[in-house]
Structure formats: structure tokens, C-alpha cells
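Biologist: I am new to this one and would like to learn how to read it. Could you walk me through its features one at a time?

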Amino acid sequence: MENNKIIPFVINSNICTSESDISSYDVMMDTIAGNSGNSYITWSLLKEIGCKLETICGHEIKSLYTYDFSKADRDIDIINNECTNVILVLQDQIRISESYGLRLPFKQLQQFISRIEKPILVAGLGANSLNGFESDFHKKLDDELIEFLRFLSDHCVSIGIRGYFTQEVLHNLGIDNTCVIGCPSYYETGRDRVVNTPNWSKELKYGTSAMEIPLISNSAAIYLQDRTPSEEMIIKSIAFNANNKFPLKICHRIEKEKYRFFTSINSWKDDVKNLDFYFGVRVHGSILAINSGVPVVVMSGDSRAREMCEFMNIPHHPELGYCKFLRRVIENCSCEKMNSEYNNLLDDFVSFLNKNGLSYNPLAEQNRGVDVGLYKGVAIERYGLGDYLNNFF
């Protein structure tokens, strides 16, 4: 190996890098673990430590949820003989139950990690309580999850976590080698990032990750990320040529090409850069907008969103989720503190990387990866009145 050259192995990369990763809706969703925001974490981390996406070709496990552990011997051999570091990408797995009915294979993962002879980086692990910052949340966690978290603590110099609630939960489990960093995706553009506070205008171009809230107009760009039933039908129609029936409103939006979905982070950012403002419930979609120079308001009310937004000073107003007036949302968007505190948070993130034996050396541009094509051969049908009524009665 060349001196000082980082050759990472990424476990749970959740990013589409080849055509086979987007060969079908189900394959794609398995690759990204149900949410395209997961891809942004890996994409950003690699960019920040100076590695192109192509670096992990043959040096990654796409998804722990679908990984065939019979291949563990091969991958352990690659890690210990060809790589310098391991990046274990985790999200909000500290929760009572995971999304989409998934569950990390804790025992098998522990056995895998125990054989790794290279430094392991975990950056962006978070707790998620749907009931807010519960003081006894740690008592509700599964025993296997707790055992895994303690095991992970023993195999990391310092675990990068999303916020102070997560830090408290881990402290209550006896885990204190943690560093609050927010999400690594927040730092992918380098130092001195500035986002301008928006001014209200009727000509404002805006986008959202919220499917159905009162203030969405027919002109808004709607960014889909998730394996929820409502988003699934639309993504299948606009990206995989599935024929689905929709209410008239959704049909109009599809026909006007108002829905967006990306597996290439570059394509996603290029599209968002055309906006003046972005709002919705997706934190990683909002971070991507911020890093594209677009001001945001996050409206999600769970602890995951709250702790990240509070730590990274992202405008966070869940009470505006039912607001009917875009002007009021924009008037609650101030970027001043986010801008003034950004370099300080970045310095702490750099120190965290250094503590884990890595340097912050961001690339000017990261590779594009692969992207699904949208609105090619789209076939949709409108609900008839009878169909519409049958969906509700």
C-alpha cells in the first residue's frame, strides 16, 4: 500500500454505484436500506476523507440487512490485507423497532467485527424515540441491541453520534467514548459554508419532501426518498414504468413531472440547486439542500430530527407542518446561527476524524454513481369515482 493512502472498506454503504443496484425497485431499495438519504452519508464521508466512490468497488458491503454472511471469510480477508480502515455506516438503529420491519443481524455482525484488524469508524449513529426525549428510553431497548452497542464501543476509539439525546442514551448504557458530530453529510462542502436566509416572494421556487401538507402547490417540486407505501407507488411509476392508479391530484403532478427521486447524489444536488427554498420532514434531504446553497425548514417532530437540527442549528419547526401559508414558513427560516456556528462544528468533526486516524481532506467533487431515469414510459391511470370510494369504504 502507498504511504498515507486511505483504502476504506465500507460496511452498510447503502449507495448505488452500478447498474445492477438499480435493476429493479426492490433491488434498489434493498441497496439503500429503504431511503436514499442513507446514500448521502456514505457519499459525503468518502468525499470528506478524500476518497472517490470508485475506491470502494469490491471493498464494500452494500446492506447489512441483505448481506450473505457466508461471504464473511472473503470480505474479512480483503479488509485485513487490502484496506487501511473500515467505515461502518449506521443510522438511527438505536430504537425500539427499526424502519420497514428491518433488524440488524447483531450476533453475526459482532462475530464479523471481532475478526477485523483495522481501525473502525462509526460516524452518525443515532437514537430515535417517537415520543420525544424520553429519560428512560434506554430501558426500552432490546437486550441484543444493548449488547451490540457495548461491543461496538469496545471496538471503536470514539463513536460519532447525532446529538445529545443519543449521547445521554448511550451514557445510561455505560457507553461514554462518544463524540457528538451531528451527521457527517453536514460537512461535505468544506469550510466557510454560508446559506442565505430567504426573503418572501410570490415567484419563489421551492421544493419539499412532504407528500401531503396544506401549503404544497401544484408547482412545487416534491422530492421522494422513502420506502413508504405512498412514495413506493409513485417511485415505481416514474422510475420503473409500473402502471398504478392514482387520485387526480397525483396524476396531474406526475404528468407535470413534479416528483423527483435520485440514486445519484450529484444529480440530486444539481436538481435542488435550482430552488430558492426547501422544506419537509426529511433531515438528510434538508442537509443536502443546505449543502446546495438552499435554505430549509425541517418539520419532522421525532427525536432523531430534533436532536440533529438543534445540534447543527438547522431551522426546525414541526409546528408548521399544517401551516397553509408558505410565507409564514419562510419567515421562520433564519440561517444566521447555522452560518455562524458551522466552522466550529466542522472543527469538532475534523478532530473526531483525527482521533480515529483519518484526515479531513474533502474532494472538490465526488463521483456521480448511477441514477434511475425518471418519466420514461410512465403509465398511470386515474381513479374512477367507484375506485376512489372503494379505497375509503
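Modeller: We will go through the sheet, the cores, the aromatic rings, the cysteines and a few single residues. Keep in mind that this is a predicted model.

Biologist: Let's start with the sheet. In what order do the six strands of the open sheet lie?

Modeller: Read across the sheet rather than along the chain. The order is β2-β1-β3-β4-β5-β6, and the pairing is parallel. At the edges sit β2 (60-61) and β6 (178-180), each of which pairs on one side only.

Biologist: How many bridges join β3 and β4?

Modeller: Three bridges join strand β3 (residues 85-88) to strand β4 (residues 120-125), in the parallel sense. To find one by eye, look for I87, whose bridge partner in β4 is L121.

Biologist: Now the interior. Which residues have the most contacts inside the largest nonpolar core?

Modeller: A nonpolar core is a set of buried residues joined through their side chains. Here the largest one has 110 residues, and F112, F277 and I314 have the most contacts inside it. Helix α13 gives the largest share of this core, eight residues. Try selecting F112: among the residues it touches are I11, I61, Y67 and F69. There is also a second, separate core of 22 residues, which includes C16, I32, I222 and I238.

Biologist: How many aromatic pairs are there?

Modeller: The structure holds 18 aromatic pairs. For each pair, look at the distance between ring centres and the angle between planes. F106 and F148 are 5.5 Å apart centre to centre with 45 degrees between the planes, so the pair counts as tilted. This pair links distant parts of the chain, with F106 in helix α4 (residues 106-114) and F148 in helix α5 (residues 143-154), 42 residues apart. F106 is buried at 3% relative accessible area, and F148 is buried at 2%.

Modeller: For a stacked pair, turn to F133 and F165, with 4.9 Å centre to centre and 15 degrees between the planes. F133 lies in the loop between β4 and α5 and F165 in helix α6 (residues 164-172), so this pair ties together parts that are 32 residues apart in sequence.

Biologist: Are F133 and F165 buried or exposed?

Modeller: F133 counts as partly exposed at 32% relative accessibility, whereas F165 counts as buried at 4%. You can also find an aromatic cluster formed by Y186, Y187, Y342, F349, F352 and Y360.

Biologist: What about cysteines? Why is C83 not bonded to C51?

Modeller: A disulfide is a covalent bond between the sulfur atoms of two cysteines. The closest cysteine sulfur to that of C83 is in C51, but it is 10 Å away, too far for a bond. C309 is in no disulfide either, as the nearest cysteine sulfur, that of C183, is 11 Å away. A search of the whole structure finds zero disulfides. C83 is buried at 0% relative accessibility, and C309 is buried at 2%.

Biologist: Last, some single residues. Where is S39, and what does its side chain reach?

Modeller: S39 is in helix α2 (residues 37-48), and its side chain reaches the backbone oxygen of N14 at 2.6 Å. S39 is buried, with a relative accessible area of 1%.

Biologist: Which loop holds N12?

Modeller: N12 is in the loop between β1 (8-11) and α1 (25-31). Its backbone has a positive phi of about 70 degrees, although N12 is not a glycine. Y375, also not a glycine, has a positive phi of about 60 degrees, and it is found in the loop between α13 (336-355) and β13 (379-382).

Terms used. Residues are numbered from 1 along each chain as its sequence is written. This is a predicted model: local features need pLDDT of at least 70, side-chain atom pairs count only at pLDDT 80 or more; totals for chains, interfaces and linings use all residues. Side-chain values use heavy atoms; hydrogens and water are left out. A disulfide is a pair of cysteine sulfur atoms within 2.5 Å. Buried means under 20% relative accessible area, exposed over 50%, partly exposed in between (1.4 Å probe, protein chains only). Helices (H or I, at least four residues) and strands (E, at least two) are DSSP runs, numbered from the N terminus. A polar contact is a pair of N or O atoms within 3.5 Å; within protein, one must be able to donate a hydrogen and the other to accept it, and residues adjacent in sequence count only if both atoms are side-chain atoms. Two strands pair if DSSP finds at least two bridges between them. A nonpolar core is a set of buried Ala, Val, Leu, Ile, Met, Phe, Trp, Tyr and Cys residues joined through side-chain atoms within 4.5 Å. Contact means heavy atoms within 4.5 Å. Rings of Phe, Tyr and Trp (its six-membered ring) pair if their centres lie within 6.5 Å; planes under 30 degrees apart count as stacked, over 60 as edge-to-face and the rest as tilted. Lists of a residue's contacts leave out its neighbours within four places in sequence.
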